[in-house]
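Could you walk me through this model in the viewer, one selection at a time? I would like to know what to click on next and what is there.

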Amino acid sequence: MAAAFRTLHESPPLLLPNAWDAASAAAIESGGAAAIATTSAGIAWARGTTDGEQLGRDRMLQALTEIVAAVRAPVTADIESGYGVDPDDVAVTIRALIGIGVAGINIEDSPGADGPLRAPSIQAARIGAVRATADRAGVPLWINARTDVFLTDTGALAELLRETGERAAVYAAAGADSLFVPGVADLGVIRDLTAGPLPINVMVGSGSPDGASLAQAGVARVSLGPAIAQAAYGLATRATRELLHDGTYTALDDPLARSH
């Protein structure tokens, strides 16, 4: 699966809807997705907790096992910060993921709780542990290194671009295959990022540039993050309110509700 997933990156942008359980993964595959990403936020919500490594490694691995088993398409897993402080902890997570059959991962430089981003050298060691573990297993795991510079920093744009570029270079040297930069929607900024040392993954949602524009800007991957999960839960809320307040069911005319 990892080799097939790597091949899909040869014709960018790779479009990746994000699943949060086995049923959503199967629905995404039935919609025609060539590969499926997961959303750690959606998985956490479905299990009664919040994003940011609150779910823990074991429960996340169980969720990912169910998702991978439900589909034939390659699955790339959002593993938040890797579930452990040290590179050895991250390696434990990666060995388990390879056993499950995951084809790629996202790993972020946010520590999963309030506080500054990990120093680039520290995060590089963690990425290096991912690459070394996958190499020892003979699996060409795709490493999508996420940086939260644009989510956590309030500095000037030039400073954000500089820090992101520096992190990209360090992460690339450690073995990352692409850079995920959530919080970016401006096409000019995206073009600046795509000129850097790693292919760029952009997370989109309502109001984001369309796929053609992102392709022209040089984006390598487009993912939806938790947006599908949020839309599904929003539909549940709207349908419930309508039933209880009006006794009607028009919310269920939504295409999301009729897709199955």
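Here is a short tour of this predicted model, stop by stop.

**Stop 1: the largest pocket**

Start by selecting Ser40, Asp51, Asp78, Glu108 and Arg146, the lining residues closest to the centre of the largest pocket. The space in this pocket comes to about 340 Å³. Now widen the selection to the whole lining, which has 27 residues. Coloured by class, the lining shows seven nonpolar, 13 polar and seven charged residues.

Which strands and helices each supply at least two residues of this lining? Colour strand E3 (36-38), strand E5 (104-108), strand E6 (142-146), strand E8 (200-203) and strand E9 (221-223), then add helix H3 (40-46) and helix H7 (149-152).

**Stop 2: Arg146 and its partner**

Keep Arg146, one of the residues closest to the pocket centre, and add Asp148 to the selection. The two side chains form a salt bridge, with 2.6 Å from N to O. Is this pair buried or exposed? Both Arg146 and Asp148 are buried. Their bridge can be set beside the total for the whole structure, where a search finds nine salt bridges.

**Stop 3: two bridges along helix H8**

Next, select helix H8, residues 157-174. Show the side chains of Arg162 and Glu166, which meet in a salt bridge at 2.6 Å, N to O. These two residues are four apart in helix H8, about one turn of the helix. Arg162 has a relative accessibility of 37%, so it counts as partly exposed. Glu166 is also partly exposed, because its relative accessible area is 42%.

Now show Glu163 and Arg167, whose side chains make a salt bridge of 3.1 Å, N to O. Glu163 and Arg167 are four residues apart in helix H8, so about one helical turn separates them. How accessible is Glu163, and is it buried or exposed? Its relative accessibility is 19%, and the cut-off for buried is under 20%, so Glu163 counts as buried. Arg167 has a relative accessible area of 4% and is buried too.

While the bridges are on display, add Arg6, Arg131 and Asp177. Salt bridges with shared partners join these three into one network.

**Stop 4: a nonpolar patch on the surface**

Switch to a surface view and select Leu243, Leu244, Tyr249 and Leu252. Together they make a nonpolar surface patch of about 460 Å². To place the patch on the fold, find Leu243 in helix H11, residues 227-246. Leu243 has a relative accessible area of 47%, so it is partly exposed.

**Stop 5: helix H2 and the loop after it**

Finish at helix H2 (22-30). Select Ala25, which lies in this helix. Ala25 has a relative accessible area of 0%, so it is buried. Add Ala70 and draw a distance between the C-alpha atoms: the two residues are 45 apart in sequence, with 7.0 Å between them in space.

Then move to Gly31, in the loop between helix H2 and strand E3. Is Gly31 buried or exposed? Its relative accessibility is 68%, so Gly31 counts as exposed. For a last distance, pair Gly31 with Pro17: they are 14 residues apart in sequence and 9.9 Å apart from C-alpha to C-alpha.

Terms used
Residues numbered from 1 in each chain as written. Predicted model: local features only at pLDDT ≥ 70, side-chain atom pairs only at ≥ 80, totals over all residues. Heavy atoms only, no water. Patch = residues over 30% accessible without salt bridge, like charges linked within 9 Å, V, L, I, M, F, W, Y side chains within 5 Å. Areas by Shrake-Rupley, 256 points an atom, 1.4 Å probe, with all protein chains shown as cover. Salt bridge = Lys/Arg side-chain N within 4 Å of Asp/Glu carboxyl O. Buried < 20%, exposed > 50% of the residue type's maximum accessible area, 1.4 Å probe, protein only. 1 Å grid on protein atoms, 1.4 Å probe; cavity = no way out; pocket = protein on both sides within 12 Å on 5 of 7 lines; lining within 4 Å. Points joined across faces, edges and corners; volume = space filled by probe spheres on them. Nonpolar A, V, L, I, M, F, W, Y, C, P; charged D, E, K, R; others polar.
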